[in-house]
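Reader: Hi, could you put the model up so we can go through it together?
Author: Sure, here it is.

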Amino acid sequence: MERCKNCGRYYGEPKKVAVGEKCKFTVTTYDEKTGSIRKASGVTGKLKYIFSNSCYSVEYRKNKYYVDTVAHPDDPSPLTLAFVGRCTCPAK
Ligand SMILES: [Zn+2]
């Protein structure tokens, strides 16, 4: 994806990540008592398996996580993308 010079948001298609390659994803920790999100951090790990286009198995520091979004290392992380947003400027 590219960053728009007008608005600073991202546009274009995200790059595909293949199994065995590095990817960025979000690790979320939940509060055991309330079940609410305690912390979300963007990390770089390895894609282990693709179940569907919204379910991925990834590995980070020997731990296995199941996430709904992964991003190519060249692309903004899912967390960054959610924070910065997608460009809605007229087509270039
Ligand atoms: Zn824009």
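Reader: Thanks! How do the residues of the lining of the second largest pocket divide by class?
Author: There are 10 nonpolar residues, three polar ones and one charged. Here Ala, Val, Leu, Ile, Met, Phe, Trp, Tyr, Cys and Pro count as nonpolar, Asp, Glu, Lys and Arg as charged, and the others, Gly among them, as polar.

Reader: What should I know about the model itself?
Author: It is predicted, so local features need pLDDT of at least 70 and side-chain atom pairs pLDDT 80 or more, while totals for chains, interfaces and linings use all residues. Residues are numbered from 1 along each chain as its sequence is written, and side-chain values use heavy atoms, with hydrogens and water left out.

Reader: Back to that pocket: what volume does the second largest pocket have?
Author: About 240 Å³, where the volume is the space filled by probe spheres set on grid points joined across faces, edges and corners. A pocket is an open set of points on a 1 Å grid over the protein atoms alone where a 1.4 Å probe fits, with protein on both sides within 12 Å along at least five of seven lines; lining residues have an atom within 4 Å of a point. The second largest pocket has 14 lining residues, and Thr26, Val27, Thr28, Val67 and Asp68 are the closest to its centre.

Reader: Which elements give two or more residues to that lining?
Author: Those are β3 (22–30), β4, β6 (63–67) and α1. β3 gives the most, with five residues. The elements are DSSP runs numbered from the N terminus: helices are H or I with at least four residues, strands are E with at least two.

Reader: And the largest pocket, what is its volume?
Author: That one comes to about 380 Å³. The lining of the largest pocket counts 19 residues, and Pro14, Lys15, Lys16, Tyr56 and Val70 lie nearest the centre. β4 (37–52) and α1 each supply at least two residues to this lining. By class, the largest pocket is lined by 11 nonpolar, three polar and five charged residues.

Reader: Nice. Zooming out, how do the elements run from the N terminus on?
Author: The order is β-β-β-β-β-β-α, so to speak in total one helix and six strands. The C-alpha atoms fill a box of roughly 45 × 35 × 20 Å along the principal axes. The chain has 92 residues, and 30% of them are buried, where buried means under 20% relative accessible area, exposed over 50% and partly exposed in between (1.4 Å probe, protein chains only).

Reader: On to the metal: what coordinates the zinc ion?
Author: Four cysteine sulfurs do: the SG atoms of Cys4, Cys7, Cys87 and Cys89, at 2.3 to 2.4 Å. Donors are N, O and S atoms within 2.8 Å of the metal (3.2 Å for Na, K and Ca), and water is not among the atoms, so sites may look incomplete. Along the chain the donors follow the spacing C-x2-C-x79-C-x1-C. Cys7 sits in the loop between β1 (2–3) and β2 (10–11) and Cys89 in the segment after α1 (78–84), so this pair links parts of the chain 82 residues apart.

Reader: Why is the arrangement around the zinc ion tetrahedral?
Author: Because the four donor atoms subtend angles of 102 to 114°, and four donors count as tetrahedral if all angles lie between 85 and 135 degrees. For reference, the ideal angle for four tetrahedral donors is 109.5 degrees.

Reader: How accessible is Cys7?
Author: Cys7 is partly exposed, with a relative accessible area of 31%. Cys89 is partly exposed too, at 26%.

Reader: Changing topic, how do β5 and β6 run?
Author: Antiparallel, with five bridges joining β5 (residues 55–60) to β6; two strands pair if DSSP finds at least two bridges between them. Tyr56 has Val67 in β6 as its bridge partner. The hairpin has two residues between the strands.

Reader: What is the phi of Arg61?
Author: Arg61 has a positive phi of about 50°, although it is not a glycine. Lys62, which lies in the loop between β5 and β6, also has a positive phi, near 70°. Most residues other than glycine have a negative phi. Arg61 is exposed at 67% relative accessible area, and Lys62 is exposed at 80%.

Reader: Last one: where is Val19?
Author: Val19 is in the loop between β2 and β3, and its C-alpha is 5.9 Å from that of Tyr49, 30 residues apart along the chain. Val19 is partly exposed, at 48% relative accessibility. Glu21 is found in the loop between β2 and β3 as well, with its C-alpha 8.1 Å from that of Lys48, 27 residues apart in sequence.

Key: Four donors count as tetrahedral if all angles lie between 85 and 135 degrees; four count as square planar and six as octahedral if opposite donors are over 155 degrees apart and all others between 65 and 115; anything else is irregular.
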